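Subject: Structure handover

Hi,

Here is the structure I promised you. Please load it before you read on; my notes follow below.

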Amino acid sequence: MTWKCALAEVPAGGGKAVAVAMGGQLVHPDTKDNHLRRLLNVVEEMAIASGCPVPSVYLIEDPTINAFAAGFTVDNAVIGVTTGSVTKLTRDELQGVMAHEFSHIVHGDMRLNIRITGVIFGIMAIGFIGWICFRFLGPILIHTRGGEKNPGPAIGIALIVAGLILMAIGCVGTLVARLIQAAVSRQREFLADAAAVDYTRNPAGIANALRRIGGASDQNRMNRAAASEFEHFFFTPALATAFATHPPLPARIARIEN
């Protein structure tokens, strides 16, 4: 199948940046492809059901079933969908997945996700600065000729010690931030599943989509560097990580079906 997606400008915001980082292409509203036309129709239906403006939709070339919502506000939100979701899900299942993503838009989860991602980047940057001090700046100054008029070696030792401290802060801080991110994200996923049932009035749609994902044999090929940082944006985990940002599929299905 050949996908024809035209790139176009959308309002500036975090949502578009996330979609582009994941390799998404904007689905043109005038597309003639039947699968993409059905996708846009479902998105419009869920926008009406949730009371949100219709967001831009980005298509990600990936055979697995997944989707995400991103953006700072409902006005610049975007939805990303993999080609696997578009081709493998029934209309009811696709509707359930899109309703789940609209819940993230309505409840402000996108803004929370982007802020958490920014915090993690900031903490990692602290560790990186420490590594530079420890690996480069400190050793360079240590090897300079010392003296009363040249405190270079003393400053170098101080930078090495400071670098070690910053590296420790970066490592521990990143670990704690990842744990908090995972815990918050799991609860928001349960909320989004419940809201999806409310929007569609059809718990079987999202439940069957989760079952289909659980039984899929496709290997997730979302190996882009950005996928690990935006893991908590997705409908289901985009990568296998030690810090699960989503509850187990059986637990989500059980809650949906009460």
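Is M46 buried or exposed? M46 is buried, because its relative accessible area is 3% and the cut-off for buried is under 20%. Bear in mind throughout that this is a predicted model.

**M46 and its neighbours**

M46 sits in helix α2, which spans residues 34–50. Setting aside residues within four places in sequence, M46 has contacts with Q95, M98, A99, F102, Y199 and T200. One of these partners, Y199, lies 153 residues away along the chain. In space, the C-alpha atoms of M46 and Y199 are separated by 7.1 Å.

**Overall layout**

The protein has nine helices and four strands. Along the sequence they run α-β-α-β-β-β-α-α-α-α-α-α-α. There are 258 residues, and 47% of them are buried. Now take the contacts between residues at least 6 apart in sequence: 68% of these join residues at least 24 apart.

**Where α4 meets α7**

Helix α4 covers residues 91–106, and helix α7 covers residues 203–214. Their axes come within 7 Å of each other. The crossing angle is roughly 100 degrees. The two helices therefore count as roughly perpendicular, since that class runs from 65 to 115 degrees.

Which residues make the contact? On the α4 side they are D92, E93, G96, V97 and H100. On the α7 side they are G205, I206, N208, A209 and R212. By type, the contact of α4 with α7 splits into three nonpolar, four polar and three charged residues.

**The loop before α7**

The loop between α6 (152–200) and α7 holds N202. Beyond residues up to four places away in sequence, N202 touches D92 and V197. D92 also belongs to the α4 side of the contact with α7. G96 is another residue of that contact. The C-alpha atoms of N202 and G96 are 7.8 Å apart, with their positions 106 residues apart in sequence.

R201 is in that loop too, between α6 and α7. Its phi is positive, near 60 degrees, and R201 is not a glycine. Most residues other than glycine have a negative phi. R201 counts as exposed, because its relative accessibility is 67% and exposed means over 50%.

**L210 in α7**

L210 is part of helix α7. How much relative accessible area does L210 have? The value is 0%, so L210 is buried. Not counting residues up to four places away in sequence, L210 touches F235, T236, L249, R252, I253 and I256. For T236, the separation from L210 is 26 residues in sequence and 8.5 Å in space, C-alpha to C-alpha.

**Helix α9**

Helix α9 spans residues 249–256. Its buried residues are R252, I253 and I256. They lie on the same side of α9, because they cover an arc of only 95 degrees around the axis. What do they pack against? The buried residues of α9 pack against α4, α6 and α7. In α7, L210 touches R252, I253 and I256, among others.

The face of α9 turned away from the buried side carries P250 and R255, both exposed.

After α9 comes N258, with a positive phi. That phi is near 55 degrees, and N258 is not a glycine. N258 is in the segment after α9. Its relative accessible area is 87%, so N258 is exposed.

**Cysteines**

How many disulfides does the structure hold? The number is zero. C133 counts as buried, because its relative accessibility is 10%. C171 is exposed, because its relative accessible area is 56%.

**Places to click through**

- M46 in α2, with its contacts to Q95, M98, A99, F102, Y199 and T200.
- The contact of α4 with α7, including G96 and N208.
- R201, for its positive phi near 60 degrees.
- N258, for its positive phi near 55 degrees.
- The buried side of α9, made of R252, I253 and I256.

Best wishes

How values were computed: Residues numbered from 1 in each chain as written. Predicted model: local features only at pLDDT ≥ 70, side-chain atom pairs only at ≥ 80, totals over all residues. Heavy atoms only, no water. Axes fitted to C-alpha atoms, helices over the stretch in contact; angles between N-to-C directions. Parallel < 35°, antiparallel > 145°, perpendicular 65-115°, else oblique. Contact = heavy atoms within 4.5 Å. Nonpolar A, V, L, I, M, F, W, Y, C, P; charged D, E, K, R; others polar. Disulfide = S-S within 2.5 Å. Buried < 20%, exposed > 50% of the residue type's maximum accessible area, 1.4 Å probe, protein only. Arc of directions from axis to C-beta.
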